[in-house]
Amino acid sequence: MKKQFTTEAINLKSYPLKESDRIVVMYSKDKGLIRAVAKGIKKPKSTLGARMDSFIANSLLLAKGTNMDIVSQAETVNSFSETRKDLDKIFYSMYLTEVVNSFGVENDPYSAETYDILYNALKAISQANEKKDILLAVLKFQLKIMRASGFSPEFNTCLKCGAKINNNAYFITNDGGIVCSDCVTDPRGKILIHNKIREFLNYLTNSKFDSNGEYENKATEKVCDACFNLLKNCINLHSAKKIRTTEVLASL
């Protein structure tokens, strides 16, 4: 009898295997990135069915396989059903899962933190009432996932002189942080960040996904979109794989 184990995991993506099977890539709360075979998933009477669709959280029973584990049972924890009714929600959720797939590793000792970041971000996107709310959830995800991965941008002190920043500053993507105006000899290739934007990003780094404070209320869609692109470039710089969803998001 094959050894079995249980875990809670979010589906990131899947691809076909044979006629009716699929390989599903998931991020598990206690095992990090896992790949498993969902047998007979394309058959009409499959008990797995839509549970193996992307960005669905399941409680799973898996059987250890020789080359790859096999999904024996799946019970949906959260389908984030409202996401599938809105194209913006779909594509931003795809972005989240692609980022986690890029940075996730097997048997990650910090998998619970990454899982919670992804789960709460997907939940916030699903419950969002407007695009600004979607972007706020994505910004929090970006900032928290970068911190969890060890390359959180520096928004408090100058990378050159170490002085605490209290005014507008320049952000350097390749260096992952800000430089004060006194240390900038050539502003070309650097992004000028207003002090309020710097404070906004600092706040989001530590705020909960369901928080609705002053910064969330005052933020505009335009500001959130600009911040998304800034953080997107930081993530792309550290990603081992090209994150293709950003090309689709740029056209939205």
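Which residues does F103 touch, not counting residues up to four places away in sequence? Keep that one in mind; we'll get to it at the end of the tour.

**Before you click**

You're looking at a predicted model, in which local features need pLDDT of at least 70 and side-chain atom pairs count only at pLDDT 80 or more, while totals for chains, interfaces and linings use all residues. Residues are numbered from 1 along each chain as its sequence is written, and side-chain values use heavy atoms, with hydrogens and water left out.

**Stop 1: the whole chain**

Show everything as a cartoon. You should find seven helices and eight strands. Both are DSSP runs numbered from the N terminus: helices are H or I with at least four residues, and strands are E with at least two. The radius of gyration is 20 Å, close to the 18 Å that the globule rule gives for 252 residues, so the chain is as compact as a globular protein of that length. (That radius is taken over C-alpha atoms, and the rule is 2.2 Å times the number of residues to the power 0.38.) Turn the model along its principal axes, and the C-alpha atoms fill a box of roughly 70 × 35 × 30 Å.

Now try a surface view. About 13,000 Å² is exposed, and carbon and sulfur atoms supply 47% of it. Such areas come from the Shrake-Rupley method with a 1.4 Å probe; for residues, only the protein chains shown count as cover. Of the 252 residues, 48% are buried. Here, buried means under 20% relative accessible area, exposed means over 50%, and partly exposed is in between (1.4 Å probe, protein chains only).

**Stop 2: a three-strand sheet**

Select residues 169-172, which are strand 6, then add strand 7 (177-180) and strand 8 (191-193). Together they form an open sheet in the order 7-6-8, with antiparallel pairing. Strands 7 and 8 stand at the edges with a single partner strand each, so one side of each has no neighbour in the sheet. From one strand to the next, the twist averages 40°. (Axes are lines fitted to C-alpha atoms, for helices over the stretch in contact, and angles run from 0 to 180 degrees between N-to-C directions.)

What holds strands like these side by side? Strands of a sheet pair through backbone hydrogen bonds, either parallel or antiparallel. Two strands count as paired if DSSP finds at least two bridges between them. Strand 6 has four bridges to strand 7 and three to strand 8.

Zoom in on F171. Its bridge partner in strand 7 is I178, and in strand 8 it stands opposite I191. Next door, Y170 has L192 as its bridge partner in strand 8. Show the side chains of strand 6: A169 and F171 point one way, Y170 and I172 point the other way, and all are buried. Then click on G176 in the hairpin of strands 6 and 7, which has four residues between the strands; G176 takes a positive phi near 70°.

**Stop 3: two phenylalanines with positive phi**

Jump to F55, in the loop between strand 3 (32-38) and strand 4 (57-63). Its phi is near 40°, a positive value in a residue other than glycine. At 5% relative accessibility, F55 counts as buried.

Next, pick F80, in the loop between strand 5 (69-78) and helix 1 (87-103). F80 isn't a glycine, yet its phi is positive, at about 45°. F80 is buried, with a relative accessible area of 2%.

**Stop 4: helix 6**

Select residues 221-238. At 1.5 Å a residue, the 18 residues of helix 6 should span 26 Å, and its end C-alpha atoms are 26 Å apart, which agrees. (The expected span is 1.5 Å times one less than the number of residues.) Colour the buried residues, including C224, C227, F228 and I235. The buried residues of this helix pack against helix 1, helix 3 (131-149), strand 6, strand 8, helix 4 (195-206) and helix 7 (245-249).

**Last stop: F103**

Go to F103 in helix 1. Is F103 buried or partly exposed? With a relative accessible area of 22%, F103 is partly exposed. And back to our opening puzzle: F103 touches S149, F151, I235, H238 and S239, not counting residues up to four places away in sequence. Touching here is a contact, meaning heavy atoms within 4.5 Å.
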